[in-house]
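User: I would like a close look at a single part of this protein, set in the context of the whole chain. Please take your time over it.

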Amino acid sequence: EFRRVLFRSFPKELEVVKLFSRGYVAREIADILGKSANTVSAQLRKMTKRLKLKSNRDLIKVVHSMHL
């Protein structure tokens with residue numbers, strides 16, 4: 001289920017999630033990808049909601065468990 005949702009997501013959102021799971025914060029991800037920190041935060045919230053997770057910490061666990 002998680003894999004299907006993650007890979008159906010937009011490539012940019014998946015890149016945001018990967019960077020977040022590696023320890024980058026929204027501002028750093030925004031700088032790397034040329035986006036605003038608000039956009040990055042919104043993308044993280046959307047992914048957490050799509051995967052029906054409770055927190056960003058759960059999102060990190062999912063990404064790590066999938067070896068992304």
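User: Which residue just after helix 2 takes a positive phi, and how does helix 2 fit into the rest of the protein?

Analyst: The residue is Gly23, whose phi is about 105 degrees, and it comes just after helix 2. This is a predicted model, and in it the protein has five helices and zero strands, so that helix 2, which spans residues 11–21, belongs to a pattern that reads α-α-α-α-α along the sequence. Within helix 2, the buried residues are Glu13, Leu14, Val16, Val17, Leu19, Phe20 and Ser21, while for the protein of 68 residues the share that counts as buried is 38%.

Two of these helix 2 residues, Val16 and Val17, are among those with the most contacts inside the largest nonpolar core, a set of 17 residues in which Ile29, Val40, Leu44, Leu53 and Leu59 are listed alongside them. Helix 2 supplies at least two residues of this core, and so does each of helix 3 (26–33), helix 4 (37–50) and helix 5 (56–65).

Ile29 shows how helix 2 is met from beyond its own end: leaving aside residues up to four places away in sequence, Ile29 touches Val16, Leu19 and Phe20, and also Tyr24 and Val40. For the protein as a whole, among contacts with a separation of 6 or more, 53% are between residues 24 or more positions apart. On the outside, the accessible surface comes to about 4500 Å², and carbon and sulfur atoms account for 54% of that surface.

Key:
Residues are numbered from 1 along each chain as its sequence is written. This is a predicted model: local features need pLDDT of at least 70, side-chain atom pairs count only at pLDDT 80 or more; totals for chains, interfaces and linings use all residues. Side-chain values use heavy atoms; hydrogens and water are left out. Buried means under 20% relative accessible area, exposed over 50%, partly exposed in between (1.4 Å probe, protein chains only). Helices (H or I, at least four residues) and strands (E, at least two) are DSSP runs, numbered from the N terminus. A nonpolar core is a set of buried Ala, Val, Leu, Ile, Met, Phe, Trp, Tyr and Cys residues joined through side-chain atoms within 4.5 Å. Contact means heavy atoms within 4.5 Å. Accessible areas come from the Shrake-Rupley method with a 1.4 Å probe; for residues, only the protein chains shown count as cover.
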